[in-house]
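Here is a short report on one protein chain. Keep the structure open as you read.

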Amino acid sequence: MNIEWQGAQDLKDVYGCLIENELNVSVEARDQASAVITHAQMRSFAQLGIYTYNLPETWGGFGWGYAPWGKVLEKIGYLSHDVSFPFLISVRMSFINALLAVQRADINDIYMRDLIEGKKAGAFAYTENADAFSFLSCALPEKETEYYLLNGLKAIVTGAETADIFLMFVRGETADIQVFLVRADDPGVAVTPRAMHGCRSTGIASVEMVNVRVHKSRLLIATDGLSFAQRYFLNCRRALQTTLFLGRARAVIEATLGYLHTTVRHQRPLIDLQHVQALVGEMYILLESARTSVFYALHRQDRAESDPYWDSVSSSAKYQAVEAVNKIAALALNVTGGWGYSESSGIGRAQRDFASLIAGADPQEKLKVDIGIQKIHEIEMYYQRYPQ
Ligand SMILES: Cc1cc2nc3c(=O)[nH]c(=O)nc-3n(C[C@H](O)[C@H](O)[C@H](O)COP(=O)(O)OP(=O)(O)OC[C@H]3O[C@@H](n4cnc5c(N)ncnc54)[C@H](O)[C@@H]3O)c2cc1C
């Protein structure tokens with residue numbers, strides 16, 4: 001069954017053939033082998049303009065904000081059987097915008113055109129199995145030279161396997177976080193692909209640096225790299241990156257309906273059973289409720305009404321959307337029997353892919369704690385200011 005429920009025809013017209021021929025036909029083999037979507041494949045999408053929607057007009061883009069860009073990602077998530085593809089696109093696009101935010105003309109001259117045209121790719125190397133204030137990755141300035149020596153390990157970096165450059169977040173001399181541009185071909189850099197539970201074709205890898213010597217011109221952010229990370233990597237992407245999962249969740253519901261229509265038990269199609277109808281209703285409620293909060297959050301970001309460093313509305317939207325898509329996948333498996341559990345149904349794979357955001361973009365449990373702390377603090381401050 002293919003009813004084009006998402007209303008994704010506009011993007012299908014541009015990218016549909018490539019998505020079908022380059023990605024959908026090979027999704028099972030790629031997933032089983034944990035094989036990355038190649039640089040060449042990503043480049044062919046870039047040539048059709050995939051990085052132009054969210055790109056500032058000064059760089060030849062449309063300058064679309066978070067909400068319309070989220071709609072594009074949602075539609076691609078619907079069209080692409082491989083969630084890794086829109087996931088990777090979203091990371092690459094955020095990387096371009098983060099690098100532009102640094103406002104370094106010399107760096108842009110070298111890398112920006114190639115990034116937009118997909119000839120080069122970038123990835124964020126931030127987290128490292130520790131709190132940000134206790135990072136072990138560090139940068140030490142060499143005495144009487146213009147160079148820094150970088151050491152450290154970033155364990156989970158999306159798109160690292162095919163990345164040429166990294167925004168590398170490390171502890172500086174004063175324990176403040178600094179951001180360096182590190183190249184994959186810098187001597188001392190080792191990129192090691194990792195086997196993951198889902199989103200296996202994003203090319204998640206660890207990035208290790210052993211005595212990597214970089215010129216001071218590669219120091220992009222000298223102080224308060226933590227605020228930079230929140231503003232241009234974590235906070236701004238938290239709600240945005242759920243959109244592509246919402247698109248795929250819609251496709252999962254559609255595939256489930258196809259099965260329910262054609263499967264007869266006790267002389268009746270499953271779709272005629274009221275319990276099954278209620279379950280379809282529940283999946284739809286989950287999807288639309290999540291979409292409502294995610295796009296509400298993204299529109300607030302576009303209107304500059306959100307907190308650019310840590311926004312509780314977009315964090316709530318991420319939490320809600322991740323709970324919703326994981327529940328949709330579980331409900332789909334409840335009514336699709338053995339077929340749903342087969343690789344070719346795509347539902348089991350979607351369930352593994354959807355689980356990635358339980359940990360990624362701040363774990364769900366941590367978001368609850370952080371939102372709770374923020375709200376308690378806000379209310380305490382209010383009572384202090386306006387005692388009853
Ligand atoms: C698919 C995927 C892609 C990723 N891509 C990137 C990338 O491109 N670049 C990058 O730098 N990183 C990336 N990461 C890493 C990711 O950002 C981290 O895994 C995430 O920030 C969580 O950090 P952590 O694993 O150290 O868990 P922590 O935040 O340390 O949490 C560990 C566990 O403890 C719980 N916990 C933590 N604090 C509390 C608390 N106060 N109260 C109760 N429970 C708590 C959490 O819920 C969690 O289950 C990716 C991760 C995934 C899964």
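## A helix pair

This is a predicted model. Helix α9 covers residues 274-302, and helix α10 covers residues 312-335. The two pack at an angle of about 160°. Their axes are 9 Å apart. Angles over 145 degrees count as roughly antiparallel, so α9 is roughly antiparallel to α10.

The crossing of α9 past α10 is left-handed. What kinds of residues make up the contact of α9 with α10? The contact has 15 nonpolar residues, seven polar ones and three charged ones.

## The whole chain

Step back to the full chain. It holds 14 helices and 10 strands. Its radius of gyration is 22 Å, and the globule rule gives 21 Å for 388 residues. Those values are close, so the chain is as compact as a globular protein of that length.

Taken along the principal axes, the C-alpha atoms fill a box of roughly 85 × 65 × 35 Å. Buried residues account for 46% of the 388 residues.

## Three annotated domains

UniProt lists domains for this chain, among them "Acyl-CoA dehydrogenase/oxidase N-terminal" at residues 17-118, from an unreviewed entry. This span is 67% helix and 0% strand. The C-alpha atoms at its ends lie 19 Å apart.

The unreviewed UniProt entry also places "Acyl-CoA oxidase/dehydrogenase middle" at residues 124-212. How much helix and strand do residues 124-212 hold? The span is 0% helix and 49% strand. Its end C-alpha atoms are 17 Å apart.

Residues 224-354 carry the UniProt label "Acyl-CoA dehydrogenase/oxidase C-terminal", again from an unreviewed entry. Here the chain is 73% helix and 3% strand. The end C-alpha atoms of this span are 32 Å apart.

## One residue up close

Now find L260. This residue sits in helix α8, which runs over residues 243-262. Is L260 buried or exposed? A residue is buried if 20 or more other C-beta atoms lie within 10 Å of its own. L260 has 21 C-beta neighbours inside 10 Å, so L260 counts as buried.

Next, pick out P68. L260 and P68 are 192 residues apart along the chain. In space, 33 Å separates the C-alpha atoms of L260 and P68.

Technical notes: Residues numbered from 1 in each chain as written. Predicted model: local features only at pLDDT ≥ 70, side-chain atom pairs only at ≥ 80, totals over all residues. Axes fitted to C-alpha atoms, helices over the stretch in contact; angles between N-to-C directions. Helix = DSSP H or I, 4+ residues; strand = E, 2+ residues; numbered from the N terminus. Parallel < 35°, antiparallel > 145°, perpendicular 65-115°, else oblique. Left-handed = near helix turned anticlockwise from the far one by under 90°. Nonpolar A, V, L, I, M, F, W, Y, C, P; charged D, E, K, R; others polar. UniProt positions renumbered as here; feature names shortened; annotations may be inferred. Rg over C-alpha atoms; globule rule 2.2 N^0.38 Å. Buried ≥ 20, exposed ≤ 12 C-beta atoms within 10 Å, placed from the backbone.
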